[in-house]
Number of protein chains: 2
Amino acid sequence: MSEMDTRCRVSKVIAVLSGGVGAARLLAALSESLDPNEITAIVNVGDDLVMHGLTICPDLDTIMYTLAGRNNHELGWGLAGESWRVMEELNALGGAAWFRLGDRDLATHLYRSQRLSEGATKTQVTAELCERLGVKVRLLPVTNDVLATVFDTDLGRLSFQEYFVRHHHDVAVTAIDVVGADQATATPDVRAALVEASRIVIAPSNPLISIDPLLRVPGVREVLEQRRDVVVGVSPIIDGRALKGPADRLLAELGHEVSCLGVVDFYKGLVGTWIIDEADADRADEVRGRGVNVTVTTTIMAERENAQRLCAAVLA
Amino acid sequence: MSEMDTRCRVSKVIAVLSGGVGAARLLAALSESLDPNEITAIVNVGDDLVMHGLTICPDLDTIMYTLAGRNNHELGWGLAGESWRVMEELNALGGAAWFRLGDRDLATHLYRSQRLSEGATKTQVTAELCERLGVKVRLLPVTNDVLATVFDTDLGRLSFQEYFVRHHHDVAVTAIDVVGADQATATPDVRAALVEASRIVIAPSNPLISIDPLLRVPGVREVLEQRRDVVVGVSPIIDGRALKGPADRLLAELGHEVSCLGVVDFYKGLVGTWIIDEADADRADEVRGRGVNVTVTTTIMAERENAQRLCAAVLA
């Protein structure tokens with residue numbers, strides 16, 4: 001009976017601060033351990049963009065497609081079994097085809113853009129899409145205001161997708177800003193989820209460009225500071241490297257140590273428990289020295305068994 | 001030499017007030033008789049719409065695709081060899097899929113919407129698309145301001161595409177308005193084309209919903225009144241019926257005679273020469289009674305030979 005109680009208490013209130021791919025994997029694994037209805041993902045919208053008139057939300061879509069079991073494993077983004085007729089034609093027309101949008105993926109953006117033009121919020125549209133796709137984890141954009149993560153680089157100021165996709169994050173970054181964050185408001189659902197959660201998880205997403213835009217929305221950081229004891233973070237850096245994406249390079253370029261310790265320092269005052277990979281076991285004492293509990297486990301979720309071990313650590 | 005002179009003088013300055021399908025056919029036929037570089041189509045934008053965040057210009061696209069030899073003959077709209085993956089998925093998502101957009105057609109709307117968001121005008125975007133598609137006739141949207149043809153019907157006020165596509169123009173209309181026309185400005189290119197044309201052609205498009213929105217843009221009607229002698233119109237009504245679309249039904253519903261005479265009366269004061277079909281030869285004297293020259297010929301362009309006879313009449 002006590003096990004049942006624990007399960008219900010934890011599962012009803014888990015909130016996961018989420019970027020894209022890494023968060024999607026963690027959420028998929030957590031959905032196997034918990035009732036997915038009782039998991040809330042609070043999702044970054046700093047890399048959302050309007051392109052070709054369409055509102056595109058890459059992190060929301062990555063999580064949605066992954067949890068629907070429809071994500072494209074080969075590409076690492078978009079839908080499985082995708083086709084590219086629109087892009088082929090757009091390319092022939094001389095249009096901006098560097099940000100590739102598959103035919104079926106485009107339907108998501110058309111749906112969202114139409115509903116937004118009708119006055120629906122991004123929160124509402126996300127709920128509608130999740131219902132259609134059978135996604136039971138609750139996905140909440142952190143805000144319905146417009147955020148824009150931008151990069152000062154050797155090539156000048158770049159939008160998120162210019163940096164990430166067009167230049168393959170292969171350009172030196174001197175500063176990152178999240179335009180609009182100061183004036184943004186976390187949605188009521190997000191505020192309630194953070195306050196009511198008995199566990200707040202920071203997914204192993206890029207701390208600088210996935211999690212930080214969430215923390216910059218007024219109110220989010222403050223709740224984590226106040227509720228630090230229930231905050232569990234998973235290090236996205238293993239043995240000095242990011243599994244995917246430019247987190248390691250960006251940390252170095254912006255003066256952070258490229259390690260599980262560097263990331264927990266970036267999250268200073270926000271994390272009660274820091275989960276690091278077995279490869280970083282020798283850094284555990286340093287993390288504890290920051291006044292943070294440490295769990296050492298497998299954090300690479302490539303295999304289902306490992307993902308479940310990580311989930312057990314997150315929920316412990 | 002005089003023949004050459006005539007050809008150059010006429011061909012350099014022909015301006016065609018254009019709706020969609022009927023105008024596209026006439027323009028395609030005229031392109032065989034004249035250097036297409038020297039034909040300007042002044043195109044209705046009253047049925048343009050923003051849907052799914054995309055700016056869609058049905059009449060411009062119908063003409064563009066037809067002149068590029070890429071129009072879909074079976075459907076009567078859109079591109080040949082089209083596929084429908086985006087629509088299939090949008091339908092599965094519960095999106096508004098009644099306004100069907102083919103995958104390749106969508107690329108046009110993505111291109112246009114992106115360029116408009118970058119500050120390009122509809123005139124510029126149309127020129128870019130035409131260049132890419134090899135269309136040499138100059139296509140000019142009548143205005144870069146937003147027009148919206150709307151219908152008061154038994155089902156309430158409907159947008160153009162709600163009336164035309166969603167309800168298959170199968171609903172009684174009591175009034176038509178072109179919202180925004182009063183405040184719109186004809187583009188400088190359009191004004192110049194109308195003033196410089198040695199011949200202004202009114203295509204056999206729907207007078208009430210294709211041509212009238214053009215005439216309602218301040219300046220257009222006035223030029224036709226002043227230059228009535230060079231205005232040649234082709235009746236879209238043959239033997240009391242429209243070849244295609246709801247022109248006949250709308251004329252009746254709005255109190256006009258459903259005949260070549262009813263249409264020339266609708267264009268009162270604007271037309272110097274009215275081209276009517278052989279089937280309506282018995283109405284020629286009545287048209288002349290309106291102070292309008294009459295040419296009787298074949299106006300159905302289904303066969304190339306007939307289309308060329310009509311062109312000869314237009315250019316005579």
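Which residues is B:V16 in contact with, leaving aside its neighbours within four places in sequence? Select B:V16 and find out. This is a predicted model.

**Stop 1: the core**

Show the side chains around B:V16. Its contacts include B:A23, B:L26 and B:L27. Next come B:I39, B:A41 and B:I42. B:V201 and B:A203 complete the list. Now widen the view to the largest nonpolar core, which holds 189 residues. Colour four of its members: A:V16, A:L27, B:V16 and B:L27. These four touch the most other members of that core. B:L27 therefore turns up twice at this stop, as a contact of B:V16 and as one of the four residues just coloured.

**Stop 2: where the chains meet**

Display both chains together. The contact takes 26 residues from chain A and 26 from chain B. Stay on the chain B side. Select α5 (103-117) of chain B, which gives ten residues, the largest share of the side that touches chain A. Then add β4 (54-56), α4 (85-92) and α6 (122-133) of chain B. Each of these elements, like α5(B), supplies at least two residues. Colour this side by class: eleven residues are nonpolar, ten polar and five charged.

**Stop 3: a sheet in chain B**

Move to the open sheet of three strands in chain B. Its order is β7-β6-β8, and the pairing is antiparallel. Which strands stand at the edges? They are β7 (156-159) and β8 (173-179) of chain B. Each has a single partner strand, so one side of each is left without a neighbour in the sheet. Look along the sheet to see the twist, which averages 25° from one strand to the next.

Now zoom in on β6 (residues 148-153) of chain B. Six bridges join β6(B) to β8(B), and the two run antiparallel. For one facing pair, label B:T149 and B:V178: B:T149 stands opposite B:V178 in β8(B).

**Stop 4: two loop histidines**

Stay in chain B and step to the loop between α7 (160-166) and β8. Select B:H168 there. Its phi is positive, about 50°, although the residue is not a glycine. Most residues other than glycine have a negative phi. Is B:H168 buried or exposed? B:H168 is exposed, with 9 other C-beta atoms within 10 Å.

Switch to chain A. Select A:H169, in the loop between α7 (160-166) and β8 (173-179) of that chain. A:H169 also has a positive phi, near 40°. Its surroundings hold 19 C-beta neighbours inside 10 Å, so A:H169 counts as partly exposed.

**Stop 5: a helix crossing in chain A**

Select helix α2 (residues 21-33) and helix α14 (residues 304-315) of chain A. Their axes come within 9 Å and cross at roughly 80°. The two helices are therefore roughly perpendicular to each other. Show the side chains where they meet. From α2(A) come A:R25, A:A29, A:L30, A:E32 and A:S33. From α14(A) come A:A307, A:Q308, A:L310, A:C311 and A:L315. By class, this contact has six nonpolar, two polar and two charged residues.

**Stop 6: an exposed alanine**

Finish at A:A281, in the loop between β13 (273-277) and α13 (284-288) of chain A. With 12 C-beta neighbours inside 10 Å, A:A281 counts as exposed. Draw a distance line from its C-alpha atom to that of A:A80. The two atoms are separated by 37 Å, and the residues lie 201 apart along the chain.

Definitions and conventions
Residues numbered from 1 in each chain as written. Chains lettered and ligands numbered in written order. Predicted model: local features only at pLDDT ≥ 70, side-chain atom pairs only at ≥ 80, totals over all residues. Pairing = 2+ DSSP bridges. Helix = DSSP H or I, 4+ residues; strand = E, 2+ residues; numbered from the N terminus. Axes fitted to C-alpha atoms, helices over the stretch in contact; angles between N-to-C directions. Parallel < 35°, antiparallel > 145°, perpendicular 65-115°, else oblique. Contact = placed C-beta atoms within 7 Å. Nonpolar A, V, L, I, M, F, W, Y, C, P; charged D, E, K, R; others polar. Core = buried A, V, L, I, M, F, W, Y, C linked by C-beta atoms within 7 Å. Buried ≥ 20, exposed ≤ 12 C-beta atoms within 10 Å, placed from the backbone.
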